[in-house]
2 protein chains.
Amino acid sequence: MTNPSPDLSPSIIVSAVRASCATCSMHQLCLPMGLGENDIDKLDQIIGRRRKVPRDGYLYRMDDPFTNLYAVRIGHFKTYQVNAGGEQQITGFQMAGELLGMDAISTDRHHCDAIALEDSEVCEIPFPRLEELFGSMPILLRHFHRMMSQEITREQSVMLLLGNMRAEQRFAAFLVNLASRYVARGYSSTSFQLRMSREDIGNYLGLTIESISRLLSKFKKQGLLKVSNREIELLDLVTLKAMAAGTETCS
Amino acid sequence: MTNPSPDLSPSIIVSAVRASCATCSMHQLCLPMGLGENDIDKLDQIIGRRRKVPRDGYLYRMDDPFTNLYAVRIGHFKTYQVNAGGEQQITGFQMAGELLGMDAISTDRHHCDAIALEDSEVCEIPFPRLEELFGSMPILLRHFHRMMSQEITREQSVMLLLGNMRAEQRFAAFLVNLASRYVARGYSSTSFQLRMSREDIGNYLGLTIESISRLLSKFKKQGLLKVSNREIELLDLVTLKAMAAGTETCS
DNA sequence: CGGCGGGTTGATTGCCGTCAAGGCATGTGG
DNA sequence: CCACATGCCTTGACGGCAATCAACCCGCCG
């Protein structure tokens, strides 16, 4: 699960090799999906810049004015809300090829904070310029709608998770979800690194850090997975999937 | 909160009085928001029909092919997901001026069931025809994006609710949310009817019907509200809002 | 060395789910 | 009219799951 492609260190590379959607390994998952060469070029021309965000750095903060969407190129992010009482809730973890900032369109201000979980890189997509493209690129528009819609359905399944599932089931669903997203990106579905802390996982799943720790130990004892620090290996994806689907009796 | 306008009974009225966005009382909340006369006309021309859905009737079901979005004209709906284990989770309650079906764009199939909570009426919006309009009506497109984005932020606040709040806070947030939506529609923010059963409320909030009942009794004792069956009156909206925001110590 | 952040594990508490009984309104049939 | 059933809701008693509180481990770093 370590990234094979361009290394992160010298920022000079980013400007030297003019990064483009056409050559990006994520272009079949990301915004340009399904576009022809011409259209990809047009999209490339509006992409502002590739922006690096260091680990724990903010990509944007709540109430920041909305100017760009961001496509994750490299790395992982988390987004979270904070309510008036100061409690925070992580609303999602984003990885390469996924879009950030769609929740800001409605009010022209960001509704959440976005923080990099590791040294990461995003493509800045100036939204007004993207809108200009929509008129002449129906395929792009269509795919953009799909991505927004997908975000809606994703959140609905989190609602199902938070509203109906017990701790064990939530955690299984979380692992299975990560596995499926990694496999879609060409990585192993059974062996990967947790980019987020136990605390982040717990917050996302509506549980405490202690519960996450206990669940990891329990699953380990049951032979469902191996875990060492943040390195994880899923040994019985079938059972985990059954647990996530709610078709497995909680042992 | 009873609807003043056209009665529901004889379906002939629907076709006789050619309903239109221009004359609809919801057009400042709904899809045509901000459109000029010409554009509203164009939008009107693609609206398929006004469809009635009786109480407890399905507007659409999970896995139905996606052809239309629906704008609620009259009445209330609930949408819910069902997982493989058969457990269901209500993902939202929709009222006049709100859009249903956006979660289906990503896969061309509906991801949830939508059921009318009372005799209701919707406008069918054939999505392919709506897409045709987008090219020439940037204002419409913009507003459509705002509505999708709003749905994303709405779901994020539900995630905050389900992930972080205690029962009392959840229920207060629920009531305050209803109040604000009714006031935006010109109704009283303090006195309205719950269109959904206690069971539906509990399911939506990740609680049991018994908890909802107890919370209603508790709030009644505290003088926060009056309730009789489904008729409700909020007596202390300030405190309820503070509870919802998490700035009130749970008494 | 000591402090610190992140993680694990154990003991205890408490919120809310579960189970159970009953209230109340409505409908149906005798 | 009553008897009875049904759906929706309320209230109480009890118990379980996960939160809370606390101690400790481990690796890292100044």
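**Figure 1. Close-up of the protein surface near DNA strand C in the predicted model.** A backbone N or O atom of B:G206 lies 3.3 Å from a phosphate oxygen of DNA strand C. The elements that give two or more residues to the surface near this strand are α7 of chain A together with α7 of chain B, and α7(A) provides the largest share, with four residues. In all, 15 residues surround DNA strand C, and the closest are A:S213, A:R214, A:S217, B:A167 and B:S211. Of the strand atoms that come within 4 Å of the protein, 70% are accounted for by sugar and phosphate. When the residues of the surface near DNA strand C are sorted by class, two are nonpolar, six are polar and seven are charged.

**Figure 2. Side-chain approaches from chain A to the phosphates of DNA strand C.** In this view, a polar side-chain atom of A:S213 is placed 2.8 Å from a phosphate oxygen of DNA strand C, and an N or O atom in the side chain of A:R198 is 2.9 Å from a phosphate oxygen of that strand. A:S213 is also listed among the closest residues to DNA strand C.

**Figure 3. Close-up of the protein surface near DNA strand D.** DNA strand D is surrounded by 15 residues, of which the closest are A:A167, A:S211, B:S213, B:R214 and B:S217. Both α7 (209-221) of chain A and α7 (209-221) of chain B supply at least two residues each to the surface near this strand, with the largest share, four residues, coming from α7(B). Sugar or phosphate makes up 68% of the atoms of DNA strand D within 4 Å of the protein, and the rest belong to bases. The surface near DNA strand D comprises two nonpolar, six polar and seven charged residues.

**Figure 4. Backbone and base approaches at DNA strand D.** A polar backbone atom of A:A167 is found 2.7 Å from a phosphate oxygen of DNA strand D, while chain B contributes the side chain of B:R198, in which an N or O atom lies 3.0 Å from a phosphate oxygen of the strand. A base is approached by A:E210, where an N or O atom in the side chain is 3.1 Å from a base nitrogen of DNA strand D.

**Figure 5. The interface between chain B and chain A.** Here 48 residues of chain B are in contact with 48 residues of chain A, and the area buried between the two chains is about 4,200 Å², of which carbon and sulfur atoms give 56%. Six salt bridges are counted between chain B and chain A; one of them joins the side chains of A:R146 and B:D108, at 3.6 Å from N to O. There are also 23 residue pairs in polar contact between the chains, counted with both residues at pLDDT 80 or more. On the side of chain B that touches chain A, β5 (88-94), α3 (127-134) and α4 (138-164) of chain B each supply at least two residues, and the largest share, 20 residues, comes from α4(B). By class, that side of chain B has 18 nonpolar, 22 polar and eight charged residues.

**Figure 6. The contact between domain 1 and domain 2 within chain A.** The domain assignment of chain A gives domain 1 (12-139) and domain 2 (165-245), whose C-alpha centres lie 26 Å apart. Across this boundary, 18 residues of domain 1 are in contact with 13 residues of domain 2, and the two domains bury about 1,300 Å² between them, 54% of it on carbon and sulfur atoms. In domain 1 of chain A, the residues that lose the most area to domain 2 are A:I90, A:F93 and A:M95, which together account for 41% of what that side buries.

**Figure 7. Polar and charged pairs between the two domains of chain A.** Four salt bridges are found across the interface of domain 1 and domain 2 of chain A, and A:E98 forms a salt bridge with A:R185 in which the closest N and O atoms are 3.4 Å apart. Eleven residue pairs in polar contact are counted between these domains, both residues of each being at pLDDT 80 or more. The elements giving two or more residues to the side of domain 1 that touches domain 2 are β4 (76-82) and β5 (88-95) of chain A, and the largest share, eight residues, comes from β5(A). That side of domain 1 has seven nonpolar, seven polar and four charged residues.

Notes: Residues numbered from 1 in each chain as written. Chains lettered and ligands numbered in written order. Heavy atoms only, no water. Near = heavy atom within 4 Å. Polar contact = N/O pair within 3.5 Å; in protein donor to acceptor, adjacent residues only side chain to side chain. Nonpolar A, V, L, I, M, F, W, Y, C, P; charged D, E, K, R; others polar. Contact = heavy atoms within 4.5 Å. Buried area = accessible area lost by both parts, 1.4 Å probe. Domains from an automatic or database assignment.
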